[in-house]
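Student: I should like a close look at a single part of this model, taken step by step. Please keep to what can be read from the structure itself.

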Amino acid sequence: MDLTKIRKSLEAIYLDYYDNLYTEYQLKFMLLQLFKQYDLTDSQWSELILEAQWKHATEEDYENKRRQLVEENKEDDE
């Protein structure tokens, strides 16, 4: 299993998706096809997906997402 190859494939898929070249359905289909090609645990796959999603995000995007997750966690704790 070549994690570098998987990372590059995921990054390319997400870049094209963010450029509006794919619909959400097409994105999910391509991710499923890639997932089926490799024998990864759910945890490994999740980490690779997160890396690919945030690879080209700006610091502002990342900070906004972090704040959003903190707020959601506060609501869940209440």
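In which hand of crossing does helix 1 pass helix 3? Please describe the surroundings of that contact as well.

Tutor: The model is a predicted one, and the description below should be read with that in mind. Helix 1 passes helix 3 in a right-handed crossing. Helix 1 comprises residues 3-18, and its axis comes within 8 Å of that of helix 3, with a crossing angle of roughly 45°. The two helices are therefore oblique to each other, because an angle counts as roughly parallel under 35 degrees and as roughly perpendicular from 65 to 115.

On the side of helix 1, the contact is made by Leu3, Ile6, Arg7, Leu10, Glu11, Tyr14 and Tyr18. Their counterparts in helix 3 are Trp45, Leu48, Ile49, Glu51, Ala52 and Gln53. By character, the residues of this contact divide into nine nonpolar, one polar and three charged.

Two of the helix 1 residues named above, Tyr14 and Tyr18, also belong to an aromatic cluster, which they form together with Tyr17. Across the whole structure, a search finds three aromatic pairs. In one of them, the ring centres of Tyr14 and Tyr18 lie 5.8 Å apart with the planes at 40°, so this pair is tilted. Tyr14 and Tyr18 are four residues apart in helix 1, and they are therefore separated by about one helical turn. Tyr14 counts as buried because its relative accessibility is 4%, a value under the 20% cut-off. Tyr18, by contrast, counts as partly exposed, at 43% relative accessibility. The rings of Tyr17 and Tyr18 form another tilted pair, with centres 5.8 Å apart and planes at 50°. Tyr17 has a relative accessible area of 23% and is likewise partly exposed.

Helix 3, which spans residues 42-54, also meets helix 2, residues 24-37. The axes of helix 2 and helix 3 come within 12 Å and cross at roughly 135°, which makes helix 2 oblique to helix 3. Here too the crossing is right-handed. Leu31, Leu34 and Phe35 of helix 2 make this contact with Asp42, Trp45 and Ile49 of helix 3. Its residues divide into five nonpolar, no polar and one charged. Trp45 and Ile49 of helix 3 thus take part in the contact with helix 1 and in the contact with helix 2.

Key. Residues are numbered from 1 along each chain as its sequence is written. This is a predicted model: local features need pLDDT of at least 70, side-chain atom pairs count only at pLDDT 80 or more; totals for chains, interfaces and linings use all residues. Side-chain values use heavy atoms; hydrogens and water are left out. Axes are lines fitted to C-alpha atoms, for helices over the stretch in contact, and angles run from 0 to 180 degrees between N-to-C directions. Angles under 35 degrees count as roughly parallel, over 145 as roughly antiparallel, 65 to 115 as roughly perpendicular and the rest as oblique. A crossing is left-handed if the near helix is turned anticlockwise from the far one by less than a right angle, and right-handed if clockwise. Contact means heavy atoms within 4.5 Å. Ala, Val, Leu, Ile, Met, Phe, Trp, Tyr, Cys and Pro count as nonpolar, Asp, Glu, Lys and Arg as charged, and the others, Gly among them, as polar. Rings of Phe, Tyr and Trp (its six-membered ring) pair if their centres lie within 6.5 Å; planes under 30 degrees apart count as stacked, over 60 as edge-to-face and the rest as tilted. Buried means under 20% relative accessible area, exposed over 50%, partly exposed in between (1.4 Å probe, protein chains only).
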